[in-house]
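User: I would like to go through some labels given to this structure and see what each one rests on. Please set each value against its criterion.

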Amino acid sequence: MIRIGVIGYGYWGPNIVRNFHTHESSEVTLVCDKNPKTRERLHKAHPGMAFTTDENEILKSSTIDLVAVVTPVWTHYELAKKALENGKHVFVEKPFTCSVTQAEELIELGDRKKLKIMVDHTFLFTGAVKKIRQLMDEGALGDLYYYDSLRVNLGLNGVEDVAFITVYFPRHVIAHINVNWLSPVKVRTTLIGGEKKMLVWNDLEADEKIKIYDKGVSMSKPSSLHQLLVSYRSGDMWAPQVEQIEALRAETAYFLKCIDKNETPFNDGVAGLRVVRILEAADKSVRNRGEAVTL
Ligand SMILES: NC(=O)c1ccc[n+]([C@@H]2O[C@H](COP(=O)([O-])OP(=O)(O)OC[C@H]3O[C@@H](n4cnc5c(N)ncnc54)[C@H](O)[C@@H]3O)[C@@H](O)[C@H]2O)c1
């Protein structure tokens, strides 16, 4: 049985407590939140579950094996560091840390202590993302040309409200991410263009979240410009079955399995660091009016 302490019981914390507490091989033995008012909410959902406002009761506990850090990003580094120093595996919310240096330090500490770190990029465990990954691995789309993601809504945000991020990958693959908290409508759509097929993922669709289009343009190799032949392909569209699962349930189960089998999760600290690198670069770029930052 893996005993878990959860730090942070705000918006996302209850999902982490519920999932880790209901797996057969784990139990949440202590929850901490600086705000004493959260105790009442915890006890409504989990009567009798131990609660504290002192994070050290979790971090220094001799009976807790894993600490889940579900607090705002600027607290992740200190809490995760203390948890690792005290010999505990760490499940930490995304984004992993505020800086690349902090993430690298935590990865090194985890390696040295032979402890696991998982960064909660919940989306990776959704049926839609798993299906897209499978299609790409099978080569269903062919060579990748572009990734274009639009995720906008009206909401509260303490930092930049609008961002247009362009990421250039090797082999001419380009990604564009448009995030916006000042949009009058909610849109969560991603287009992925490949040599063989194109994919549209609309995360707001209840069914048929993913549609694959057999559309494309091909050009013959001409001996001269006059002989250039362009043909448009407009074939079928199909919507593959997408697994209906609670992503966080699958993710927490996977982390428990990784600890049990001593395996490294694919969404480990190194994966979390890759995201922090992009965020740090985007931050630097935004301060220089969109100047390119080489990674
Ligand atoms: N994986 C996801 O899909 C997902 C979704 C939402 C939020 N998150 C992440 O979860 C984290 C928390 O987000 P949230 O929306 O729940 O925030 P929140 O502000 O609603 O809750 C954070 C809670 O942490 C408590 N807290 C802060 N510092 C603490 C400390 N040192 N010790 C104990 N308690 C402390 C606060 O009192 C608050 O109750 C963030 O990193 C966020 O990015 C992830």
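Analyst: The points below concern a predicted model, and they cover the ligand site, a helix pair and two backbone features.

User: What makes the pair formed by the ligand and the backbone of Tyr11 a polar contact?

Analyst: A polar contact is a pair of N or O atoms within 3.5 Å. An oxygen atom of the ligand is 2.9 Å from a polar backbone atom of Tyr11, so the pair meets the criterion. The backbone of Thr71 also has a polar atom 3.1 Å from a ligand oxygen. With Asp120 the polar atom belongs to the side chain, and a nitrogen atom of the ligand lies 3.3 Å from it. The protein buries 74% of the 840 Å² that the ligand exposes when taken alone.

User: Which residues come nearest to the ligand, and how does the shell divide?

Analyst: Tyr11, Trp12, Asp33, Lys94 and Thr122 come nearest, out of 19 residues around the ligand. By class, the shell has seven nonpolar, six polar and six charged residues.

User: Why is helix 1 called oblique to helix 7?

Analyst: The axes of helix 1 (residues 13–22) and helix 7 (residues 247–261) cross at roughly 55° and come within 9 Å. Angles under 35 degrees count as roughly parallel, and 65 to 115 as roughly perpendicular. The angle of roughly 55° falls in neither range, so helix 1 is oblique to helix 7.

User: What is the handedness of the crossing of helix 1 and helix 7?

Analyst: The crossing of these two helices is right-handed.

User: Where is the cis peptide bond, and what is its omega?

Analyst: The cis bond joins Lys94 and Pro95, with omega at about -10°. Pro95 sits in the loop between strand 5 (89–93) and helix 5 (100–113). Lys94 was also named among the residues that come nearest to the ligand.

User: What is notable in the backbone of Lys114?

Analyst: Lys114 is not a glycine, yet its phi is positive, about 55°. Lys114 belongs to the loop between helix 5 and strand 6 (117–120).

Terms used. Residues are numbered from 1 along each chain as its sequence is written. This is a predicted model: local features need pLDDT of at least 70, side-chain atom pairs count only at pLDDT 80 or more; totals for chains, interfaces and linings use all residues. Side-chain values use heavy atoms; hydrogens and water are left out. A residue is near a molecule or strand if one of its heavy atoms lies within 4 Å of it. A polar contact is a pair of N or O atoms within 3.5 Å; within protein, one must be able to donate a hydrogen and the other to accept it, and residues adjacent in sequence count only if both atoms are side-chain atoms. Accessible areas come from the Shrake-Rupley method with a 1.4 Å probe; for residues, only the protein chains shown count as cover. Ala, Val, Leu, Ile, Met, Phe, Trp, Tyr, Cys and Pro count as nonpolar, Asp, Glu, Lys and Arg as charged, and the others, Gly among them, as polar. Axes are lines fitted to C-alpha atoms, for helices over the stretch in contact, and angles run from 0 to 180 degrees between N-to-C directions. Helices (H or I, at least four residues) and strands (E, at least two) are DSSP runs, numbered from the N terminus. Angles under 35 degrees count as roughly parallel, over 145 as roughly antiparallel, 65 to 115 as roughly perpendicular and the rest as oblique. A crossing is left-handed if the near helix is turned anticlockwise from the far one by less than a right angle, and right-handed if clockwise.
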